[in-house]
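Student: I would like a close look at one part of this model. Please take the aromatic residues and what surrounds them, and walk me through the geometry.

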Amino acid sequence: MLELVIAGSMMAMVMTSLSIVLRTGRVAWEANDNDYGALHHAHAVATHFIRQARETRGVVMIDSDGKSITLQNRDNSTVTWALSGGDSDIGHQVVVSTSSGSASPLAHSISDLSFTGYRADGVTVETDVDDIRLVMISVSVDLPRGHGSRQTVFSKVWIRSW
């Protein structure tokens with residue numbers, strides 16, 4: 001009888017330890033998955049912008065604080081990328097709108113979005129849209145488990161039609 005009590009106690013300790021280890025592993029997995037999801041949104045915005053910008057005719061407008069950009073397509077339609085306020089559940093959104101009036105959200109939970117135009121040398125910042133040959137996009141996200149930690153994705157794209 002004593003052996004059964006000892007064996008049962010040992011089994012309970014092993015099962016308790018195992019459940020703690022598995023729970024900790026699950027929590028770590030979910031935290032990493034949430035961070036990956038946030039970074040995925042940032043990369044998706046940058047990739048979408050680059051693919052579209054490579055095929056455009058030129059830059060129509062970059063607003064004064066660099067938070068939105070409008071590009072002109074080869075068919076003379078325009079596409080605008082901007083950071084909108086969003087609601088409290090999903091945070092800020094990157095919204096892509098076209099000259100035909102359609103607007104669609106591209107990604108949510110984006111902390112910051114900015115565009116910078118450069119001259120043909122690739123290093124001189126340019127504000128005159130006629131002289132912009134390179135555009136840098138910067139997309140920032142706050143990591144869910146980072147306690148205020150922010151990751152930023154930078155990318156540059158040449159405007160091919162010049």
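Tutor: Start with the helix that carries one of the rings. This is a predicted model. Helix H1 covers residues 2-53, which makes 52 residues. At 1.5 Å a residue, H1 should span 76 Å. Its end C-alpha atoms are 76 Å apart, so the expected span and the model agree.

Now see which residues of H1 are buried. They are Ala31, Asp35, Ala38, Ala42, Val45, Ala46, Phe49, Ile50 and Ala53. Phe49 is the one to follow. Its relative accessibility is 0%, and buried means under 20%, so Phe49 counts as buried.

Next, the rings. The structure holds two aromatic pairs. One joins Phe49 and Trp81. The centres are 5.0 Å apart and the planes make 85 degrees. An angle over 60 degrees counts as edge-to-face, so this pair is edge-to-face. Phe49 lies in helix H1, whereas Trp81 lies in strand E3 (residues 78-84). The pair therefore ties together parts that are 32 residues apart in sequence. Both Phe49 and Trp81 are buried.

Phe49 also pairs with Phe115. Here the centres are 5.1 Å apart, with 50 degrees between the planes, and the pair is tilted. Phe115 sits in strand E6 (residues 112-118), 66 residues from Phe49, and the pair links these distant parts of the chain. Phe115 has a relative accessible area of 4%, so Phe115 is buried. Taken together, ring pairs link Phe49, Trp81 and Phe115 into a cluster.

Ser68 touches two members of that cluster. Ser68 belongs to strand E2 (residues 68-72). Leaving aside neighbours within four places in sequence, Ser68 is in contact with Trp81 and Phe115, among others. Met61, Ile62, Asp63 and Ala82 are also on that contact list. Ser68 has a relative accessible area of 10%, so Ser68 is buried too.

One more ring deserves a look, this time with a charge. Lys156 lies over the face of Tyr118, at 5.0 Å from the ring centre.

Finally, take an exposed residue for contrast. His147 is in the loop between strand E7 (134-142) and strand E8 (150-158). Its relative accessible area is 79%; exposed means over 50%, so His147 is exposed. The C-alpha atoms of His147 and Arg57 are separated by 42 Å, and the two residues are 90 residues apart along the chain.

Notes
Residues numbered from 1 in each chain as written. Predicted model: local features only at pLDDT ≥ 70, side-chain atom pairs only at ≥ 80, totals over all residues. Heavy atoms only, no water. Helix = DSSP H or I, 4+ residues; strand = E, 2+ residues; numbered from the N terminus. Buried < 20%, exposed > 50% of the residue type's maximum accessible area, 1.4 Å probe, protein only. Contact = heavy atoms within 4.5 Å. Expected span 1.5 Å × (residues − 1). Phe/Tyr/Trp six-rings, centres within 6.5 Å; stacked < 30°, edge-to-face > 60°. Lys NZ or Arg CZ within 6 Å of the ring centre and 35° of its normal.
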